[in-house]
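Here is a short report on a structure with several chains. Look over the folds first, then the contacts.

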Amino acid sequence: MSKTKAVSAENLRARVEELSGENVFACYQCGMCAAGCPLADEMDRLPSQVIRDLQLEDITLLDSNAPWVCASCLACEVRCPKGVDLAKLMEALRQLHLRKELDHMSIDDMSHDEIRKLPQIALVASFRKKTG
Amino acid sequence: MKTIPYFPGCSLKDTATPFETSAQFVMEKLGLALAELDRWNCCGTVSSLTSDDLMHHLAAVRNFVRVQDLGETELVALCAMCYNTLARTAQRVNGDDADRDKINQFMDRESDYVGDVKIVHLLQVLRDRIGWETLAEHSTVNLNGLNVACYYGCTLVRPKSVGIDDAENPTLMDDALEAVGATPRAFPFATECCGTYQVVDRRDLSIEHSFRILQSAARTGADVIATACPLCQHNLQEAQRELSGMENIRDLEIVYFTELLGAALGMDPTALPERITQSLQTTAAAQADQGGN
Amino acid sequence: MTEEKLTQIFVMGKAYDVPAGITIMDAMEYAGYRFVRGAGCRSGFCGACGTVYRKDGDYRLEFALACQEMVEEGMHLTQIPFTPAPRSDYQLNELDAAENVLLQHYPAIARCVSCNTCTKACPQDIEVMDYVQAALRGDLKRVAELSFDCIQCGLCAMRCPADIKHYHLSQMARRLYSVTESPEPAHLTARMAELGDGAYDAELDEMMSMTLDQLKQRYAERVIEKEGEAL
């Protein structure tokens with residue numbers, strides 16, 4: 001995590017708001033995003049908790065798997081009563097890592113056999129979301 | 001024949017060729033042929049969501065320049081991911097002079113993009129430029145009540161600003177297939193995420209979520225799932241393969257919606273699963289046609 | 001001897017006066033640099049001498065082969081002798097050209113953002129980005145055709161923000177395309193048969209028995225194929 005040390009508890013929220021263009025205090029914690037998220041059961045904290053942690057500048061959020069599990073399906077985005085685009089917050093959290101070349105997957109570890117079966121759109125999307 | 005500029009996307013040239021060939025067949029039958037864009041490049045498949053990242057919108061804009069160079073303003077996409085990525089970039093750069101200027105300066109070897117290319121999905125073209133009645137009139141084979149669950153996934157309907165239909169209850173694909181004799185089976189997971197690109201390094205996750213979609217569709221009595229995305233198709237197919245033969249599992253066929261339209265408009269159905277070809281029935285109109293010849 | 005016209009260039013920041021109208025490579029040697037690597041055929045074919053430079057008053061970095069580009073007044077340059085870029089291992093006759101084989105061996109092509117920086121870096125004027133895009137969708141023929149003039153200098157891979165290994169990728173495409181799609185050339189078949197029949201065995205045996213000096217003499221006296229004349 002050393003490479004993300006430019007991000008601290010004091011500027012986590014500011015950096016994420018800057019990258020996402022979203023206001024995390026617009027959220028009033030109704031939990032609609034978490035209720036409708038198809039991948040929430042894979043996350044170590046709920047989507048609504050991700051926003052709460054940003055409000056509270058909880059730096060441990062940088063270690064959460066939630067942004068990497070989020071697939072930008074936007075179920076939360078269309079349902080948020082306050083118009084917060086959670087997918088953009090998740091993207092910003094990923095970018096804090098990826099812009100320091102902290103990839104979340106290894107292209108070199110993929111076998112020819114794995115790649116053979118996949119549609120190109122899967123690879124392009126995955127590399128864009130998980131490699132910097 | 002009238003034509004419309006068309007963006008295939010990479011997967012339609014490789015893993016999803018039936019999607020492209022069937023769509024081309026359908027549109028030629030309907031008198032509005034898909035004219036593949038010259039020198040198109042990968043759209044990027046996911047839209048960059050950070051405020052400062054213009055670089056990842058370049059790929060889409062380069063395609064807009066190709067459309068503009070043809071003197072056209074409309075580009076039709078088939079692949080749902082391509083549609084979404086292209087449409088979101090168009091939305092961002094068409095409405096933002098500063099962003100567009102930056103991109104134009106960077107792409108100094110291209111003509112400047114002026115910002116008036118509109119992205120449409122084939123389903124919108126079918127509804128708005130062809131119409132369900134015309135589509136039905138061109139049908140020579142009746143899908144004969146084939147039970148189809150139309151799976152929209154995420155990228156055709158979200159975000160609302162680029163969605164081609166209602167974000168929660170889309171019916172566009174259902175309407176198209178109903179017009180040619182299918183019986184659409186509405187199901188609650190029609191817009192649930194299949195796990196998308198997570199299949200690359202979290203296959204377990206995409207299989208599990210695709211399984212829920214398959215189950216939900218099967219419970220409505222569907223025999224076939226129609227999709228508009230090569231990645232949804234892949235994930236659902238992979239889940240179906242894993243489940244095939246298990247107890248209490250009803251196998252579903254997973255096809256592109258254009259394959260069903262193609263079969264209805266007279267395309268050789270031999271590439272389609274037997275369950276689908278069995279229910280095909282030559283329409284009275286077509287029989288009368290043949291009798292007249 | 002007439003007075004030589006000199007021009008000022010900068011090599012890694014240090015000024016040198018060199019004769020006008022010579023190549024970057026000659027100019028660097030004139031200035032006292034010695035190429036141990038990063039120089040080869042000196043004729044624009046081998047791709048060993050990819051170089052970058054900047055001209056006064058131009059914000060752009062320019063790309064060229066050092067053995068081909070002439071120096072200009074105020075040119076700032078250095079040598080980029082080698083681009084570290086791993087090449088995938090493959091056996092041509094074991095590959096299935098119908099599959100997305102380029103993507104399997106070079107998956108980083110899926111990271112292309114279509115920025116076109118590779119194309120701008122190519123000293124051979126190849127549409128590099130276009131062939132990367134063709135590779136992504138599995139169009140082997142288009143990759144082979146578009147990349148035909150590639151001399152493997154590696155400047156594309158040096159510049160790529162997505163870390164794609166363009167020149168290795170396109171070499172694989174050309175090789176695979178030639179094996180799977182191109183007709184086998186008749187002269188190659190004939191020559192292979194000739195070799196198999198032992199047409200040159202005696203000559204090779206003779207050379208194997210010669211001393212180094214005899215070999216040198218043989219080399220110096222060899223008959224060189226004239227232009228347009230096939231041996």
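Which residue follows α10(B), and what is the sign of its phi? The residue is Gly266(B), and its phi is positive, near 100°. The model is predicted, so these values describe a computed fold.

**Helix α10 of chain B**

The helix before that glycine spans residues 257-264 of chain B. It is mostly covered: eight of its eight residues are buried. The buried set starts with Phe257(B), Thr258(B) and Glu259(B), continues through Leu260(B) and Leu261(B), and ends with Gly262(B), Ala263(B) and Ala264(B). A charged side chain, that of Glu259(B), is thus on the list of buried residues.

**Domains of chain B**

Chain B splits into domain 1 (2-122) and domain 2 (140-291). Their C-alpha centres are 25 Å apart. Each side brings 20 residues to the contact between domain 1 of chain B and domain 2 of chain B. On the domain 1 side, two elements give two or more residues: α1 (17-29) and α3 (80-94) of chain B. That side of domain 1 of chain B holds 12 nonpolar, six polar and two charged residues.

**Contacts with chain A**

Chain A touches both chain B and chain C. From chain B come 35 residues, set against 30 residues of chain A. Two helices of chain B, α8 (203-219) and α9 (230-243), each supply at least two residues of the side that touches chain A. The largest share comes from α9(B), with three residues.

Chain C meets chain A with 10 residues, and 10 residues of chain A answer them. The table gives the make-up of the two sides that touch chain A.

| Side | Nonpolar | Polar | Charged |
|---|---|---|---|
| Chain B, touching chain A | 17 residues | 12 residues | six residues |
| Chain C, touching chain A | five residues | two residues | three residues |

**Overall form of chain C**

Chain C contains 10 helices and five strands. Is chain C more spread out or less spread out than a compact globule? It is more spread out, because its radius of gyration is 22 Å, well over the 17 Å that the globule rule gives for 231 residues. Along the principal axes, its C-alpha atoms fill a box of roughly 60 × 55 × 30 Å. Of the 231 residues in chain C, 33% are buried. Among contacts in chain C with a separation of 6 or more, 58% join residues 24 or more positions apart.

Three domains divide the chain: domain 1 (6-79), domain 2 (92-180) and domain 3 (186-216) of chain C. Between the C-alpha centres of domain 1 of chain C and domain 3 of chain C lie 41 Å.

**The sheet of chain C**

In what order do the five strands of the chain C sheet lie? The order is β2-β1-β5-β3-β4, in an open sheet with mixed pairing. At the edges are β2 (14-19) and β4 (62-65) of chain C, each of which pairs on one side only. Neighbouring strands of this sheet are turned by 40° against each other on average, direction ignored.

Strand β1 (residues 6-11) of chain C runs antiparallel to β2(C), and six bridges join them. Within the sheet, Gln8(C) stands opposite Asp17(C), a residue of β2(C).

Technical notes
Residues numbered from 1 in each chain as written. Chains lettered and ligands numbered in written order. Predicted model: local features only at pLDDT ≥ 70, side-chain atom pairs only at ≥ 80, totals over all residues. Pairing = 2+ DSSP bridges. Helix = DSSP H or I, 4+ residues; strand = E, 2+ residues; numbered from the N terminus. Axes fitted to C-alpha atoms, helices over the stretch in contact; angles between N-to-C directions. Contact = placed C-beta atoms within 7 Å. Domains from an automatic or database assignment. Rg over C-alpha atoms; globule rule 2.2 N^0.38 Å. Buried ≥ 20, exposed ≤ 12 C-beta atoms within 10 Å, placed from the backbone.
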